[in-house]
Amino acid sequence: MADSTSIPSHLLADSPPTICRLEIAPHFAALTPKEKLYAHHISRASFLGTRVTLRQHSPESEAIYDLILALYAACSGDWKKLVAESSVSEQHVQYWLEYATVFLASLGNYKSFGDLKFVPRIPKAELRKLATSAGPEAKGWFEKVEEVVYSVVPEEKNLIGYIDAGHVSAYYPDSPSITQAEIEEVQAVTADNGILVENTRLKKVSDVEFHLLFASVDTTAPEGQDTEYAFGEDGKKKLKLVYGDYAELMKKISAECRAAAEYSANEVQRGMWGEYARSFDIGSIQAHKESQKYWVQDRGPRVEANIGFVETYRDPAGVRAEWEGFAAMVNEERTRAFGELVRRAEDFITRLPWSRGYEKDHFLKPDFTSLEVLTFAGAGIPAGINIPNYDDIRQEIGFKNVSLGNVLSAKSPNEKITFLKPEDVALYSKLQGPAFEVQVGVHELLGHGTGKLLQETSPGEYNFDHTNPPLNPITNEPVKTWYKPNETWGSVFGGLAASYEECRAELVAMYLGVEKDLLSIFGHASDAEAEDVLYIEYLQMARAGLLSVETWDPKSQKWGQAHSQARYFILQVFISAGDNFVTFSHSLPDKSDLTISIDHSKILSHGRKAVGEFLTKLHIYKSTADVEAGSELYKRMTEVTEEFRGYREVVMKLKQPRKVFVQANTVLTGEGVVELREYEVSVEGMVKSYAERGV
């Protein structure tokens, strides 16, 4: 069994990790006492789902989490005391804290960005000494996980994915023999019967019996819900719906949701939190959908929040969603720019390269706010969000966009910019943030917010004229495919859906990000400044496409992160533009001086033209449920070439640690006052922040 001394360096925890604080104090201080109580209960509800995320991550993640907490408790955060008592060196304790920090940022021992396992740098024997000296509880947790924490053999086990492919996934607990084919067979049963599975895990009991585990307080099915389904040849297989997964956690979360409802600002919020609680009580995604209908209608709240089983990135099948929840304060100054983008949205949508038949009949103008995050509970923090992910709500009621301002603005003092020519670095450093803000804004509003799924909504009912369907601009013939009743984008495109949609949204940002009147909305009014921001938009995306190969595993040939795969696709689109629009150069044999550059003068003539061609294909294939053509294109464009396998070696050598964020905590005092508690920007501060949350 491997130990840290024999483990490949790219699998070791970052040392040191890049730590930033989510700055929130002035925004929280501006809230009223009632708003602070509202935010506090949302924060508690969100963080109480920490163990849900851990149980979705890997089989060992929750026990590792308990080891982290037990070691903290043994020394009350005085790590020098533990050094003295255990005779473990300060350096080795530091290695443990670095591992714990990266673990807490991902809520598991596989990175939330890349799905790659990481291992402590502290040798196993030293961690054993540390745990033993800390007392029986810490020692017990260590003994439970000591082998699996350090195990990297066979190497293909180092990724999250389908179990029968040699990977790891806790969405299929206690099911070592479950296969991808069986998972897809069960998914077909749930889709055919209209069973929504975002809040489930799937357990294989035997070759002929499977249990679908629903997250709920109740251990019995909702009234009227069938609980057994026969399937397979001659109906010999059985799917049983089982309620009460995470019951003890759901009960606590539901109670905090009801407490949040008491401090709501209006009836819409009250109804929303009531539906959240009902969803967690009875295990109903339909109830969660009702909460999202309220959420979309809760316009301009002072405290913005969302919670539940939201994103399906980590499930290899692409249908089960990870727990997340957030509470944030609105930044009114930055929100004004996003409001103008929303106001002008329909104008910009008409500039996209497809006809009206592939757009919603009416663009439902969303709330688009810039938020300062108080709490973001889950495996990693995004820069922006466009939800809900339920296609019917998005098309019929609407959606919201949020940009997370204190995530976008977070800076690390030791951040290095790699793979750029020296003459590009200064401009990149200056405009990286503003260019990314434009990209995120357009990505969320006009990327995820656009597009129509052509569908037979119920037998014989269509959301388009099926007797005279729109022309497919790729074939120049009437469309021949569409979504059938009960089919969704996710159920049809499966595990590819998340990355495919991120790619489509990013391409929209690249396509519309060249519009000078759009850039002026974000304050880039002069021609010279707009040109510079546009250049950095494209250069930043090209560089991101190069860096993305870090999350591709050469042995399994598997992508470990949806956004990375999407950005690699876009880099290949840039390369396909030809005429040296994108160039790579290096002079050293090991390519350690590799640089990527784009020709500023060809962004419109070559870059945007190529973006438009591929964006059209992705969009039409998605709109028409053409999974065969869409999958073929996406897989072909994200196949890592020999050239990029070579580049990957230097990317891995020069990779920078991904930012992790220390978040504040809220504490309710005996007088009913909410106190904001902030933590040191350090590995010690990160561990302390989780220990004091008591989750």
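This short talk goes through the domains, the nonpolar cores and one pocket of the structure above.

Let me say at the outset that we are looking at a predicted model. To get our bearings, the domain assignment gives domain 1 in three segments, 9-19, 48-161 and 679-693, then domain 2 at 180-247 and domain 3 at 416-654. If we take the C-alpha centres of domain 2 and domain 3, we find them 36 Å apart.

Now to the interior, where the largest nonpolar core has 108 residues, and where L71, W79, W96 and W273 are the ones with the most contacts inside that core. The element that gives the most to this core is helix α4, residues 61-75, with 10 residues. What does L71 touch, once we leave aside its neighbours within four places in sequence? L71 is in contact with W79 and W96, and also with L82, L127, L130, A131, A134 and A138. Apart from this core lies another one, of 88 residues, which includes V438, V508, M510 and Y535.

Let me turn, finally, to the second largest pocket, whose volume is about 510 Å³. Its lining is made up of 30 residues, and those that lie nearest the centre of the pocket are S58, P59, E60, V168 and A170. Helix α4, which we met in the largest core, comes up again here, since the elements giving two or more residues to this lining are α3, at 50-57, α4, and α8, at 136-150. Sorted by class, the residues of the lining are 15 nonpolar, nine charged and six polar.

Note on methods
Residues numbered from 1 in each chain as written. Predicted model: local features only at pLDDT ≥ 70, side-chain atom pairs only at ≥ 80, totals over all residues. Heavy atoms only, no water. Core = buried A, V, L, I, M, F, W, Y, C linked by side-chain atoms within 4.5 Å. Buried < 20%, exposed > 50% of the residue type's maximum accessible area, 1.4 Å probe, protein only. Helix = DSSP H or I, 4+ residues; strand = E, 2+ residues; numbered from the N terminus. Contact = heavy atoms within 4.5 Å. 1 Å grid on protein atoms, 1.4 Å probe; cavity = no way out; pocket = protein on both sides within 12 Å on 5 of 7 lines; lining within 4 Å. Points joined across faces, edges and corners; volume = space filled by probe spheres on them. Nonpolar A, V, L, I, M, F, W, Y, C, P; charged D, E, K, R; others polar. Domains from an automatic or database assignment.
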